[in-house]
Amino acid sequence: MSNPAKRQTTALDKALRFGLYAMLIAMAAVYLAPFIVMLLTSLKDVEEIRTGTLLSLPGSIDFSAWSKAWSGACTGSQCEGMAPYFFNSFKIVIPAVAISTLLGAINGYVISHWKFRGSDFFFAALLVGCFIPFQVILLPMARTLGWLGIANTTAGLVMVHVVYGVAFTTLFFRNFYQAIPVELVKAARLDGAGFFTIFYRIILPVSTPIIVVTVIWQFTQIWNDFLFGVAFSGFDTQPVTVALNNLVNTSFGGKEYNVDMAAAIIAALPTLLVYVLAGKYFVRGLTAGAVKG
Amino acid sequence: MASLVIENVKKRYGQTEILKGIDISIEAGEFLILVGPSGCGKSTLMNSIAGLEDVSEGRILIGDQDVTFSSPKDRDIAMVFQSYALYPNMTVAENISFGLEMRKVPKDEREAEVQRVADMLQIGHLLKRKPAQLSGGQRQRVAMGRALARRPKMYLFDEPLSNLDAKLRVEMRTEIKKLHQKLGTTIVYVTHDQIEAMTLADRIAVMKDGEVQQLGTPQEIYDNPTNLFVAGFMGSPAMNFIPAKVVEHSGSYALELQATQPTLVPFPSADSLKAYAGKEILLGLRPEMITEPQPHKEGAEFVVKADIDVEVIEPMGADTMVLTRISDAEVNCRCNPAYPAKANETIAMMFDTSKAVAFDKDTGQRIDN
């Protein structure tokens, strides 16, 4: 700014600014504190934890709690650490995210560009799915999985998450595709393209922002899910969240807080990573429908 | 190239009837314009021709083929949209060749066709760009290129110029006309711009409330409108509608207007006014028929001179529009800029009623034909 009458920065301004930053830093600290405590605790040994305070720094950096949490800690009667369950979670999350995202995309495409009699009602009914609490469907879903013969399997959990996720993914894609002009689909129809050709050649290529949003959302939801995991998983298909719970609740002798903390951080890492890598697309994608680009 | 026949086409959404029995037929190679105000059903009719919407009743024939129930891709037509509807993820070349690809045209033929179209529309230098990198006029050309590449039986244009600025619109209008003259294909073109309709069309269908009000050549529509709506819609400034009383005059009928003084004007087909003797009708007179007194017209059969009270002057360069009030209706006169008309003064004007038309005041229908 080359405004000649630029206002002088007064002492009061400086004080206010200082206060503002102090407040922001304090709030950030409050939010970060649990993670810092977890990280610090995971690097201490049991003796240090007992004698020191929550925020005291570890005497030496010690990763043994991490390796124990990863491959040696007991979760119930098994003592293989978090590793097998960590991979279990991936076996659930990857297909569940992929399938629910694809279904949501096709649903959204149909609801916004291939309207049929009752399609608005169909969409409204689907939306109700966003508001059904997890607990409500536990029993009927257990019956259904049993009937389908996929109770206690990874496939069963994938199905539960797909069914539950489709309502959200459809909503995301529908709102995004609503902003794509109908003429685009009309033009493609006149050019001779069919339903799936238009989807694959015209619609999907412009869907990157909303795919990123949906994948982040679904990944976080499914990875962090505990209730479905504990209710519908078998002994060897438990996701990482269930294993973490078992690990923390299993203790022979003294409580190993350092191992608990390391295990908790391990369980949270993938979602953290997804946010760090794709977070900026998330915000961009959420607002993409609002502003015509 | 193919003829188009639309027979008694109706379209209903629930209880509301959008198209109320449309009958239009044009020859192969004709340029048909559907014109009318928003909501008159012209876009619905175009979508029905394209097959993007089903009709509730009636038949549509392209060439000799009944396509009423054919899917859009089987009708062999191409459409240019108002929003251009270019595929945003594809380059210009891919946009143009997409329709050919869908019709399984071999790659080398597609490339040759893209080149031909690009040369014709002078967009060769844009072929590798994405639509987002083009200006409005360039997108418009690409959209036309996409339609041209398939060499369909018929082209549909849905308000293709309305997103362009005024200057570009006039340029593209001329280019579309040139293109039609060169290719000689059948074109159906939707617009709400009556100047576009006049300049481009071989035939115009003026639509209102889901009905064709009149189908005819531009000159027919301009000179012989069937009703008040058509007369008022086509032409800018619009035709003047002057309330006039039908009076007996030397064995025939004439019209009495209230200019500065009560004025009697003759009417070409005076006998048609017989049923209205003593009643008021609406006299339709184009602005260019009320001018400054022109000596060479003096004494001609349907020419009358009268004084008017000038209200407003609007110089337009080539002409000057003089606004006045006759029989309590606002009236536009088109004068030579040299004519010294001044606001709030009284001046002589020449009324030429040789092309005047008359409408029933209540029904709005033409009386004199």
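The points below comment on a predicted model, taking its confidence, its chain contact, the domains of chain A and a set of strands in chain B in turn.

1. Confidence. This is a predicted model, and its overall scores are ipTM 0.82 and pTM 0.81. For chain B the mean pLDDT is 92, and 100% of the residues of that chain reach 70 or more.

2. Contact between the chains. On the side of chain B, 17 residues are in contact with chain A, where 13 residues take part. Two elements of chain B that each supply at least two residues to this side are β6 (77–80) and α2 (92–102). By residue class, the side of chain B that touches chain A consists of twelve nonpolar, three polar and two charged residues.

3. Domains of chain A. The domain assignment divides chain A into domain 1, covering 11–62, and domain 2, covering 83–288. Taken over C-alpha atoms, the centres of domain 1 and domain 2 of chain A are separated by 34 Å. The contact between them draws on eight residues of domain 1 of chain A and eight residues of domain 2 of chain A.

4. The domain 1 side of that contact. Which helices of chain A each supply at least two residues of the side of domain 1 that touches domain 2? They are α1 (11–42) and α2 (46–51) of chain A. The largest share, four residues, comes from α1(A). Sorted by class, this side of domain 1 of chain A holds four nonpolar, two polar and two charged residues.

5. Strand β16 of chain B and its pairing with β19. Strand β16 of chain B spans residues 303–315 and runs antiparallel to strand β19 of chain B, residues 346–352. Seven bridges join β16 and β19 of chain B. Within this pairing, the residue opposite B:Asp309 is B:Thr346, in β19(B).

6. Pairing of β16 with β17, and the hairpin. β16(B) is also joined, by five bridges, to strand β17 of chain B (residues 320–326), and these two strands run antiparallel. B:Val312 has B:Leu323 of β17(B) as its bridge partner. Together β16(B) and β17(B) form a hairpin, with four residues between the strands. In the turn, B:Gly317 has a positive phi of about 95°.

7. Points to locate in the structure. For the chain contact, a reader may begin with β6 and α2 of chain B; for the domain contact in chain A, with α1(A). For the strands of chain B, the pairs to find are B:Asp309 with B:Thr346 and B:Val312 with B:Leu323, followed by B:Gly317 in the turn.

Note on methods:
Residues numbered from 1 in each chain as written. Chains lettered and ligands numbered in written order. Predicted model: local features only at pLDDT ≥ 70, side-chain atom pairs only at ≥ 80, totals over all residues. Contact = placed C-beta atoms within 7 Å. Nonpolar A, V, L, I, M, F, W, Y, C, P; charged D, E, K, R; others polar. Domains from an automatic or database assignment. pLDDT = per-residue confidence, 0-100. Pairing = 2+ DSSP bridges.
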